[in-house]
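Welcome! Take a moment to turn the model around on your screen before reading on. We will visit a pocket, a ligand and two backbone details.

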Amino acid sequence: MKFFASAARGTEGALRDELRTIRLPRVKADRGGVHFEGTLDDAMRACLRSHLAMRVLVELGTFAAHDADDLYAGVRMIPWHEHITPRHTLAVRATCTNSALTHSHFIALKTKDAIVDAIRDRAGARPDVNLDDPDVSVTVRIARDVATVYLDLSGEPLHRRGYRVEVTEATLKETLAAAVLRLSGWTPSVPLLDPLCGSGTLAIEAAMMACRVAPGARRRFGFERLPAYTPDVAARWRALVDEARAQELPKPEQPITATDRDAAAIETTKRNAFRAGVDRGIEIRVCDVRELPDAVGPGYVVSDPPYGDRLAAKPLQLAGFFRQFAETLTRMRGWDVALLSGNPLLEKSLPWRPAREHTLFNGAIECRLLSYKIPA
Ligand SMILES: C[S@@+](CC[C@H](N)C(=O)[O-])C[C@H]1O[C@@H](n2cnc3c(N)ncnc32)[C@H](O)[C@@H]1O
């Protein structure tokens with residue numbers, strides 16, 4: 001089977017490397033995600049173990065789609081009775097680029113019609129549409145007049161690990177936080193600090209990596225609602241989850257610390273870390289970044305400084321804050337620093353040149369991950 005794991009733009013290479021470490025077969029990065037091949041068990045492992053993937057999709061067919069008739073005929077060629085019955089509910093999402101078919105809503109409707117007609121002709125009844133909580137979620141992508149139809153195995157997007165029910169302002173998605181950690185070069189053998197932690201996503205994801213907590217071990221997936229999820233498959237899935245949980249470590253090898261000046265954010269971080277099962281692995285406390293104690297490396301600061309909130313409207317104040325932040329970092333001799341920046345003012349306000357820069361997207365916002373080495 002062919003699969004596609006989607007990723008935030010700019011994180012495809014990091015996802016490719018992660019999927020290789022999970023030992024998925026024939027991994028290949030592409031725009032917007034990573035292809036791999038294998039069995040349903042491989043895809044379930046990706047859902048269970050990947051920190052970076054946003055969704056895992058299985059490819060059902062690909063064909064030329066120059067117009068609506070091509071699209072309808074191509075979708076009907078797929079053996080839908082293997083994937084959906086009249087008792088299931090259905091939703092279709094579509095995207096299109098550089099193609100004669102230009103309306104994603106129309107493409108989704110035409111695809112839905114073809115699926116529903118195929119099931120009705122075979123079973124005498126049709127599945128209902130449910131856009132909010134479908135049993136079966138189909139994605140159609142048309143690029144340069146070639147349509148590819150996928151079944152979504154994730155269900156809810158994979159960033160919903162189930163631990164974060166509360167967010168603070170400008171929260172990072174869990175999958176993006178995991179990508180930032182991976183791109184930063186941090187590994188669990190080195191201490192980590194996020195001094196602007198908000199709801200704690202970076203520190204919690206780091207603690208999950210350090211404690212080998214599989215991101216999908218505490219949530220449900222779309223594949224559990226598909227006809228292919230037979231009792232045999234369900235038993236194999238439970239075995240995968242049990243195996244992953246048996247590998248969890250009680251504490252990270254090195255300290256992971258999350259601080260923020262906002263007491264409410266710290267309480268949120270504590271509750272989120274507890275729900276993620278890693279609260280014992282993170283030191284979480286209120287601290288203004290300007291009051292952090294001096295430190296000596298090795299260690300990593302990985303953080304997502306404020307740039308899109310109220311401060312952004314006051315560039316002078318924001319630049320002042322960044323300079324004070326830099327003073328704190330200067331006292332962290334020999335530390336590595338990776339900052340996700342959505343505002344050029346950050347780079348301009350810091351006294352060092354980045355050792356590395358990596359462009360990635362936080363939703364539609366183009367960001368840079370700036371890496372620095374603080375002189376020892
Ligand atoms: C962009 S948010 C971080 C969001 C976080 N990555 C998450 O996923 O929830 C920036 C955080 O910086 C904190 N902050 C701003 N100024 C600060 C300061 N002087 N000291 C400590 N924290 C500060 C804010 O309270 C806010 O929670």
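## The largest pocket

Which strands and which helix each supply at least two residues of the lining of the largest pocket? Keep in mind as you look that this is a predicted model. The strands are E1 (2-6), E4 (55-64), E5 (89-97), E7 (136-143), E8 (146-152) and E16 (356-362), and the helix is H5 (174-184). Among these, E5 gives the largest share, with five residues.

The pocket holds about 1200 Å³ of space, and 37 residues line it. To find its centre, look for Phe4, Arg31, Gly32, Thr95 and Arg141, the lining residues that lie nearest to that point. You can also colour the lining by class: 16 of its residues are nonpolar, 13 are polar and eight are charged. Now colour by domain instead: domain 1 (2-152) and domain 2 (174-213 + 247-373) each contribute at least three residues to this lining.

## Around the ligand

Next, find the ligand. A shell of 20 residues surrounds it, and Leu172, Ser199, Thr201, Asp260 and Val289 are the closest. Sorted by class, this shell contains nine nonpolar, five polar and six charged residues.

Which atoms does the ligand meet at Leu172, Arg261 and Asp304? At Leu172, a polar backbone atom is 2.9 Å from an oxygen atom of the ligand. At Arg261, a polar backbone atom is 3.2 Å from a ligand nitrogen. Asp304 uses its side chain: an N or O atom there is 2.9 Å from a nitrogen atom of the ligand. On its own, the ligand has 600 Å² of accessible area, and the protein covers 93% of that.

## Two backbone details

Here is some background for the last stop. Most peptide bonds are trans, and most residues other than glycine have a negative phi.

Where does a cis peptide bond occur in this model? Look between Gly297 and Pro298, where omega is about 5°. Pro298 sits in the loop that runs between strand E12 (295-296) and strand E13 (300-303).

For phi, visit Asn98, a residue other than glycine with a positive value, near 45°. Asn98 is found in the loop between E5 and helix H4 (104-123). You have met strand E5 already, as the source of five residues in the lining of the largest pocket.

Methods:
Residues are numbered from 1 along each chain as its sequence is written. This is a predicted model: local features need pLDDT of at least 70, side-chain atom pairs count only at pLDDT 80 or more; totals for chains, interfaces and linings use all residues. Side-chain values use heavy atoms; hydrogens and water are left out. On a 1 Å grid over the protein atoms alone, a cavity is a set of points where a 1.4 Å probe fits but cannot get out, and a pocket is an open set with protein on both sides within 12 Å along at least five of seven lines; lining residues have an atom within 4 Å of a point. Grid points are joined across faces, edges and corners, and a volume is the space filled by probe spheres set on the points. Helices (H or I, at least four residues) and strands (E, at least two) are DSSP runs, numbered from the N terminus. Ala, Val, Leu, Ile, Met, Phe, Trp, Tyr, Cys and Pro count as nonpolar, Asp, Glu, Lys and Arg as charged, and the others, Gly among them, as polar. Domain bounds come from an automatic or database domain assignment. A residue is near a molecule or strand if one of its heavy atoms lies within 4 Å of it. A polar contact is a pair of N or O atoms within 3.5 Å; within protein, one must be able to donate a hydrogen and the other to accept it, and residues adjacent in sequence count only if both atoms are side-chain atoms. Accessible areas come from the Shrake-Rupley method with a 1.4 Å probe; for residues, only the protein chains shown count as cover.
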